[in-house]
Amino acid sequence: MKIAILGYGTVGKRLDELLCSHPTGIEVKKILRRPGKAEGPRMTESLEEILKDPEITAVAEVLSGVEPAAEYIRRALSAGKHVVSANKAALASDLPGLISLAEASGVSLLFEASCGGGIPWLESIKKARLFDEISSLKGILNGTGNYILDAMERQGLDFSQVLERAQALGYAEADPSADIDGFDVYNKTLISCSLAYGGVVTKGFPVLGIRKVTKELLEGLRAEGKSLRLMMLSRREGDRYAMGVAPLILPADSIEANVQENYNCASFTGDVVGELKFYGQGAGGYPTADAMIGDLIQLREGTARPVELTRTLVYDESLLQGTGYFADGLRKEGTLSQLAAYAKEKDIFMAFSYREEAHA
Ligand code: HSE
C-alpha cells in the first residue's frame, strides 16, 4: 500500500522513519510540507499532486490545528483516499461530518492516534461497543498536563519551568494553551464520547484547565492525602449523558493519582465487562506514530471497524455533580457545568471533586 504523509513535524518524522525501517508493506510515496520546506523527490508542497496520484490509497494526516487540516481531510476523503489522522482538533471540529463524508466516499477515516497516543483506547471502545453499552468514561488524556502536575507535585517545581520542559520533550502542542487550558482533553473527550455512546455529542460542555494551578495548592492537597490530575469525565444513563474536563481531586493512592510523566490512563465502564483501564504513553512522536501504523495496517488488511453515530443523545448536566474547590478558598456544591461557569466568571482556578456515589 502506498501512502502520503501530510505534515512532517514530531509525529510525521517518526511515522516516516518507522515505515521506512520496518517491513509493514506500507510505502511512504509522498510527504506534504509547508511552502519552502519540501526537499528531495518524496516531498511536495502540492496536496493536489497527492490526491491525483492513483497509487496513493491513503493519507496520514499529522498536521496540527483545525485548518487547513480539516479541509485537507475533506479533500482527501472526497478524492477517495482513506484517511488516518492524529489531529484531534481537526477531527473534533466536525466529527459527524467527516465520518459521513468518509462513508459517502466509500473510504475509511481512522483516528486511533488522536486520543491517548500509543494506547489502543478508541479501538477498545469500538470493540467493547460490539456488545456492551458504555455508561461512563474518565481519564487522563493529556500527557503535557500530566507531566506538569506530576513534576509540580513530586519535584515541587513551578508551573512555567515544567511547561518549558514538556515543550522541549515534544509533548506539548506548538501552542501549549490547548494543553494547559484543557482544550486538548476537550477534543479527546468529544471524540471518545462520540464513539463510546454511538451518537453525535454536543460541543458545549464544561472545560477547565490548569494554567493557574500553584505549587502551594498542590502541597495543600498532598497534606490532605489528595492529588490533582487534569481529567476527562463523562456519564451516560439511557439517552442522557454529560461530559466535562476539569482538574480532578483524587485520593493520593488512586491509580490515576500515580500516573507519572507524560503517561495517560483512561477507563470506561461497559454494562457487561465492567470497568476497563488503559495505561501508556499518551504523547510523543513514537507512541503516536505507532498508533497510526496500527490504523494503516488495518486499512491494508481491510479490517478497520466503521464508526456509526446513530443514537440520539440528550445532554443532562445533572449527571456530573460534585464539589468545586476554588482558589479563593470557597467550596461549592453543584454540577460541573455550574461550577465551571462560576470559575470562569470569577476567573479563578477550580479543582473538582466528583461525587460518583451521587449516581450509584
Ligand atoms: N499535546 C498532547 C498531549 C499530545 O500532551 O497529550 C498528544 O495528543
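Helices (H or I, at least four residues) and strands (E, at least two) are DSSP runs numbered from the N terminus, and two strands pair if DSSP finds at least two bridges between them. Welcome to a predicted model, in which local features need pLDDT of at least 70, side-chain atom pairs count only at pLDDT 80 or more, and totals for chains, interfaces and linings use all residues. Residues are numbered from 1 along each chain as its sequence is written, and side-chain values use heavy atoms, leaving out hydrogens and water.

**View 1. Strand 8 pairs with strand 7 and with strand 9.** Start with strand 8, residues 226-237, where 10 of the 12 residues are buried (under 20% relative accessible area, 1.4 Å probe, protein chains only). Strand 7, residues 134-140, runs antiparallel to strand 8, and 4 bridges link the two. Look here for lysine 138, which sits opposite leucine 233 of strand 8. Strand 9, residues 240-251, is also antiparallel to strand 8, with 12 bridges between them. In that pairing, methionine 232 faces valine 245 of strand 9.

**View 2. Glycine 238 takes a positive phi in the hairpin of strand 8 and strand 9.** Follow the chain to this hairpin, where 2 residues lie between the strands. The phi of glycine 238 is near 60 degrees.

**View 3. Helix 6 is mostly covered.** Of the 8 residues in helix 6, 7 are buried. The buried residues are Trp121, Leu122, Glu123, Ser124, Ile125, Lys126 and Ala128.

**View 4. Serine 114 is buried in the loop between strand 6 and helix 6.** Strand 6 spans 109-110. The relative accessible area of serine 114 is 1%, so this residue counts as buried. Leaving aside residues up to four places away in sequence, serine 114 touches (heavy atoms within 4.5 Å) Ser85, Ala86, Lys88, Leu91, Leu122, Lys188 and Ile191. Leu122 in this list is one of the buried residues of helix 6.

**View 5. The largest cavity is lined partly by helix 6.** Searching the whole structure turns up 1 cavity of 30 Å³ or more (points on a 1 Å grid over the protein atoms alone, where a 1.4 Å probe fits but cannot get out). The largest cavity holds about 40 Å³, counted as the space filled by probe spheres set on points joined across faces, edges and corners. Its lining, meaning residues with an atom within 4 Å of a point, consists of Leu110, Phe111, Glu112, Leu122, Glu123, Lys126, Asp295 and Gln298. Helix 6 (121-128) and helix 12 (285-301) each give at least two lining residues, and helix 6 has the largest share, with 3.

Note on methods. 1 Å grid on protein atoms, 1.4 Å probe; cavity = no way out; pocket = protein on both sides within 12 Å on 5 of 7 lines; lining within 4 Å. Buried < 20%, exposed > 50% of the residue type's maximum accessible area, 1.4 Å probe, protein only.
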